[in-house]
Amino acid sequence: MSEPILSVKNLNFKFTLRGKTLHAIRDVSLDVYPGESLAIVGESGSGKSVFTKSFMGLNDINGWVESGQILYNGMDLAKFTQEEEWLKIRGKEIAMVMQDPMTSLNPLKTIGAQIMEAIELHQHLKGAKARQAMLEILKDVGIQNPERRAKQYPHEFSGGMRQRVVIAIAVACKPKILICDEPTTALDVTIQAQILKLIKDLIAKYNLTAIYITHDLGVVANVAERIAVMYAGDIIEIGKSEEIFYDPKHPYTWALLSSLPQLGVKGEDLYSIKGTPPNLFQEIKGDPFAPRNPKPLKIDFVKRPPFFEVSPTHKARTWLLDPRAPKVEPPESIKMLKEGRI
């Protein structure tokens, strides 16, 4: 494999809330490689957005990097403290597509003006050249009649069209890395598929490295080459998409996959993960998923598991992979998925 474009090493990120400390990201390491599409999946509150926002300095001011490194282009982003430092990275090097386009777009400015702002700032084009670039990007994101649409305001666009505009603004920055934070939330299924195909096409056209953030494994099945599964502020399994889908090893990954509607059985209730994620205000001992795991080991409540290597590209943080562990079979739905019975 080539050298990583972004390398996170033992990152710990914390927030101060109401006089208490919340440990949002717990000793996470991750390498992102040039040109790849990586998905970070997990339930709401698992730390996905906090983790990726730390690459751009977008977390709230009550949050800070306690320890660890975020290495990009010879710089350690974890050491950045000034807004002037982040402006060299944000947009130009790493751009983000937010999950709610209406909170990202200015309702008082036309669509064209908002895209041109990004072009003028990051591509250093002015006047007619900037306008031409703006119209080209609108075409690239599939907006018909861009000359007319550029003069309209966000409220005149549908949800799917607004999401295309937000993607256009991110791409207009000409970034190296594009982070897509729940890019299809609140969109209907057919529009979801269109937006995901659009992002995939833009990644190929502009030679981008993509990081998808989602709680839905089904969304990333066809767009991500690698998947990192996140739980309670930690990456608990990572591997190629086919490894995560057809040979998952962590009980939480089993639970996430079992929750997919397409794995449901007619006449039976859809599977749901029992319990709630752990309280990150408190110290977590052992495997954070242990209290919700239907078949936990005793050591799961005592000691944090290390990463066990399943293959050179597949690792999982579970004691089930320890040679001394008893054999625990995955749920029937996982076996059906692996054997192609679904």
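In what order do the 8 strands of the open sheet lie? The close-ups below start there, and they all come from a predicted model.

**View 1. The open sheet, strand by strand.** Here the 8 strands follow the order 6-7-8-3-9-10-12-11, and their pairing is mixed. Look to the edges for strand 6 (94-97) and strand 11 (308-311): each has a single partner strand, so one side of each has no neighbour in the sheet. On average, neighbouring strands are turned by 20° against each other, with direction ignored.

**View 2. Strands 9 and 10, side by side.** Strand 9 (residues 226-231) and strand 10 (residues 234-240) run antiparallel and are joined by 6 bridges. To get your bearings, find A228, which stands opposite I238 of strand 10.

**View 3. Two helices against the sheet.** Helix 8 (residues 189-206) packs on the sheet, where it touches strand 3 (37-41), strand 7 (177-181) and strand 8 (209-214). The direction of helix 8 makes about 160° with that of strand 8. Helix 11 (residues 251-258) lies across strand 3, strand 9 and strand 10, and runs at about 105° to strand 9.

**View 4. Helix 8 and its two sides.** If you like a quick geometry check, the 18 residues of helix 8 should span 26 Å at 1.5 Å a residue, and the end C-alpha atoms are indeed 26 Å apart. Buried in this helix are I195, L196, L198, I199, L202 and I203. Seen down the axis, the buried residues of helix 8 fall within an arc of 155°, so they line one face. A general rule helps here: an α-helix has 3.6 residues a turn, so residues three or four places apart point the same way. V189, T190, K197, A204 and K205, on the other side of helix 8, are exposed.

**View 5. What the buried face of helix 8 meets.** The buried residues of helix 8 pack against strand 3, strand 7 and strand 8, and also against helix 5 (127-140), helix 7 (159-172) and helix 9 (217-220). Just after helix 8 comes N207, with a positive phi near 55°.

**View 6. Two cysteines without a bond between them.** The disulfide count for this model is 0. C173 is in no disulfide, and the nearest cysteine sulfur, that of C180, is 13 Å away. Why is the sulfur of C180 not bonded to that of C173? The 13 Å between these sulfurs is too far for a bond, as the cut-off for a disulfide is 2.5 Å. C173 is buried, at 8% relative accessible area, and C180 is buried too, at 0% relative accessibility.

Key. Residues numbered from 1 in each chain as written. Predicted model: local features only at pLDDT ≥ 70, side-chain atom pairs only at ≥ 80, totals over all residues. Heavy atoms only, no water. Pairing = 2+ DSSP bridges. Helix = DSSP H or I, 4+ residues; strand = E, 2+ residues; numbered from the N terminus. Axes fitted to C-alpha atoms, helices over the stretch in contact; angles between N-to-C directions. Contact = heavy atoms within 4.5 Å. Buried < 20%, exposed > 50% of the residue type's maximum accessible area, 1.4 Å probe, protein only. Expected span 1.5 Å × (residues − 1). Arc of directions from axis to C-beta.
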